[in-house]
Amino acid sequence: MKKNWIATASVIAIAVSSGLNAQVLPEHQTENQWYTNAQSKLVEKSTVSNNFKAKNVILFVGDGMGISTLTASRIMQGQLAGNSGEEGYLSFETFPHTALVKTYNVDAQTPDSAGTMTAMMSGLKTDVGVIGVDEDIERGVCSTQSGNEVVTALELAEIKGLATGVISTARITHATPAATYAKSADRNWEDISDMPEDATDCVDIADQLIHFEANLEARYTGIDVDGIDVTMGGGRRHFLPNDVAFNSADASSEIEGDRTDSRDLTAEWKEIYPSGSYIIDQAGFDAIDTENEGPILALFNESHMQYEADRVNDIAGEPSLSEMTQKAIQKLDNNEKGFLLIVESGRIDHGHHAGSAYNALTDTIEFANAVEVATSMTSSDDTLILVTADHGHVFTIAGYPKRGNPILGKVVTVGSDEAATSSDNMPYTTLGYTNGLGYRDLGTETNADVTYTLEAAAGRQDLSNVDTTTSGFHQEALIPAGSETHSGEDISLHAQGPGSQLVQGVIEQSVVFHLMNQALDLVNE
């Protein structure tokens, strides 16, 4: 008996948007299997949950993870697994609810991470380059900061009595993680040595992190909080004095610390939290007892943590984003009231700035792995998981490569086995950048930042004899620049759990805060 093809078409339309692609069906399952799965997805999509309140919220931020980065990463993930790649999905792309997010800052068409993350954490858009303050501030002018501070979701979660955590593969004082806990007229004020002499009434970002509990209690009368339970990332230099005597065991610089006030903020933290664990390496991380110890402060690197592909080269070893996410949830889940966890993959952004699609994409894949870990450790009945970016990059997928063509490779068109050439008679890659330092052929190098030690090489290059799929290849860039730039287009928001059904359409970036507030009743507290 023939199927009702009108109904089938409806199922196909839903299924394609939900993770089942009819065009790749013959490789994976029979028509009946696919049809049954498609019907199941249709039911899931059409079932609207009445549960809007969550016990826990996890916000994942892929810094610089624009739409083209998602597409290229899912293809690369599939190809690393031996598939053609296009039919795959990153873990969070199968979440039931998705929206597009507008990223502009109050004063900028193309944003930066300070303004965008402040919007997500406070519900208020603000200017480029400022953290935890509204748009009435003048960047870099300390005297304009007072009175313009905004409250963040992390602070509200603390006041509510929830467990809290902040994780980043960047310096923990960098713009995105800093926007969860700090107030600063300039994102660059990571420690006192970065601040102008006349900024005497302002406090550097590292100092604010260490004294977060006392600062929050001083700001709001009558509250009693216990401080951030889990803090993990890089940026140790901003917490240590500019004195060789304070170098950590794995210091990579002659003098690791940057602080010019002679203060060791790690020692101050240990004095405030004597039951806490201050760790700097993989061994310390592995030894953490998440059931019995106090708060965790982990500073794994002098500056940013390693790219995922370069992590094996870390001096003392450092955990992956997935491992940090797992450890954080194990710790935070001890609080019966629930928790708020913010997880940033900061080095996706840095890979793009360096013009290395390889590093940006491998860090995105690890980011998706971390989301999968969080999904497996929590329940969609009581945990809202939001996965988004702060902005995109001028990163493109171009030409007409055939299906399954290596995403890092040169364009080979349908029906051909030879690299296509452009009007200048030279081959070109599928992936590229509008601006930046441009072409590099660094072989098996896995640290994208090596590019900054070399002269710019923007413009067209003859790639005929170059293996563009190696980890050390950096794509061509049209416009020369000291660093590739952000882009201004919308990014995506993926959601699962209580309140995720509100994630739809095209939204302002500040709505991310309101989604967290809706789920946890933060402001009402």
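Which side chain does a polar contact join to that of His238? Select His238 and Asp191 in this predicted model: their side chains are joined by a polar contact of 2.5 Å.

**Stop 1: His238**

Stay on His238, which belongs to the loop between β4 and α10. Is His238 buried or exposed? Its relative accessible area is 2%, under the 20% cut-off, so His238 is buried. Now show what surrounds it. Leaving out residues up to four places away in sequence, His238 touches Arg171, Thr173, Glu190, Asp191, Asp194, Ala206, Asp258, Arg259 and Leu265.

**Stop 2: Ser262**

Move along to Ser262, also placed in the loop between β4 (230-234) and α10 (265-272). Ser262 is exposed, with a relative accessible area of 61%. Check its backbone as well: phi of Ser262 is near 65°, a positive value in a residue other than glycine.

**Stop 3: Trp269 and Tyr273**

Turn on the aromatic side chains. How many aromatic pairs does a search of the whole structure find? The search finds six. One of them is formed by Trp269 and Tyr273, a tilted pair with 5.4 Å from centre to centre and 45° between the planes. Trp269 and Tyr273 are both buried.

**Stop 4: Phe395 and Tyr433**

Next select Phe395 and Tyr433, another tilted aromatic pair, at 5.3 Å centre to centre with 40° between the planes. Phe395 is in strand β10 (residues 395-397) and Tyr433 is in strand β11 (residues 431-436), so the pair ties together parts 38 residues apart in sequence. Both rings belong to buried residues: Phe395 is buried, and Tyr433 is too.

While the rings are on display, add Phe60, Phe92 and Phe367, which ring pairs link into a cluster.

**Stop 5: Gly443**

From Phe395, go to Gly443. The two residues are 48 apart in sequence, and their C-alpha atoms are 21 Å apart in space. Gly443 sits in the loop between β12 (440-441) and β13 (473-474). Which residues does Gly443 contact, leaving aside neighbours within four places in sequence? They are Thr470, Ser471, Gly472 and Phe473. Gly443 counts as partly exposed, with a relative accessibility of 26%.

**Stop 6: the sheet**

Switch to a cartoon view and colour the strands. Ten strands make up an open sheet with mixed pairing, in the order β5-β6-β4-β3-β7-β1-β8-β16-β2-β17. Its edge strands are β5 (277-279) and β17, each of which pairs on one side only. From one strand to the next, the twist averages 15°.

Start at the β5 edge. Strand β5 pairs with strand β6 (residues 296-299) in the parallel sense, over three bridges. To find one of these bridges, select Tyr278, whose partner in β6 is Leu297. Before leaving this part of the tour, bring up helix α5 (residues 113-122), which packs on the sheet and touches β1 (56-62), β7 (339-345) and β8 (383-389). The direction of α5 makes about 170° with that of β1.

Now cross to the β17 edge and select β2. What is the sense of pairing between β2 (residues 97-102) and β16 (residues 491-496), parallel or antiparallel? These two strands pair in the antiparallel sense, over five bridges. His97 has Ala495 as its bridge partner in β16. Strand β2 is also joined to strand β17 (residues 506-508), by three bridges, and these two run parallel. There, Leu100 has Val506 as its bridge partner in β17.

**Stop 7: helix α9**

Select helix α9 (residues 212-219), where Phe212, Glu213 and Leu216 are buried. Look down the axis of α9: its buried residues fall within an arc of 100°, so they line one face of the helix. An α-helix has 3.6 residues a turn, so residues three or four places apart point the same way. Add α6 (153-160) and α8 (205-210) to the view, since the buried residues of α9 pack against these two helices.

**Stop 8: Asp521**

End with Asp521, found in the segment after α15 (511-520). Asp521 is not a glycine, yet its phi is positive, at about 55°. The relative accessible area of Asp521 is 29%, which makes it partly exposed.

Methods. Residues are numbered from 1 along each chain as its sequence is written. This is a predicted model: local features need pLDDT of at least 70, side-chain atom pairs count only at pLDDT 80 or more; totals for chains, interfaces and linings use all residues. Side-chain values use heavy atoms; hydrogens and water are left out. Helices (H or I, at least four residues) and strands (E, at least two) are DSSP runs, numbered from the N terminus. Buried means under 20% relative accessible area, exposed over 50%, partly exposed in between (1.4 Å probe, protein chains only). Contact means heavy atoms within 4.5 Å. Two strands pair if DSSP finds at least two bridges between them. Axes are lines fitted to C-alpha atoms, for helices over the stretch in contact, and angles run from 0 to 180 degrees between N-to-C directions. The arc is that of the directions from the helix axis to the C-beta atoms. A polar contact is a pair of N or O atoms within 3.5 Å; within protein, one must be able to donate a hydrogen and the other to accept it, and residues adjacent in sequence count only if both atoms are side-chain atoms. Rings of Phe, Tyr and Trp (its six-membered ring) pair if their centres lie within 6.5 Å; planes under 30 degrees apart count as stacked, over 60 as edge-to-face and the rest as tilted.
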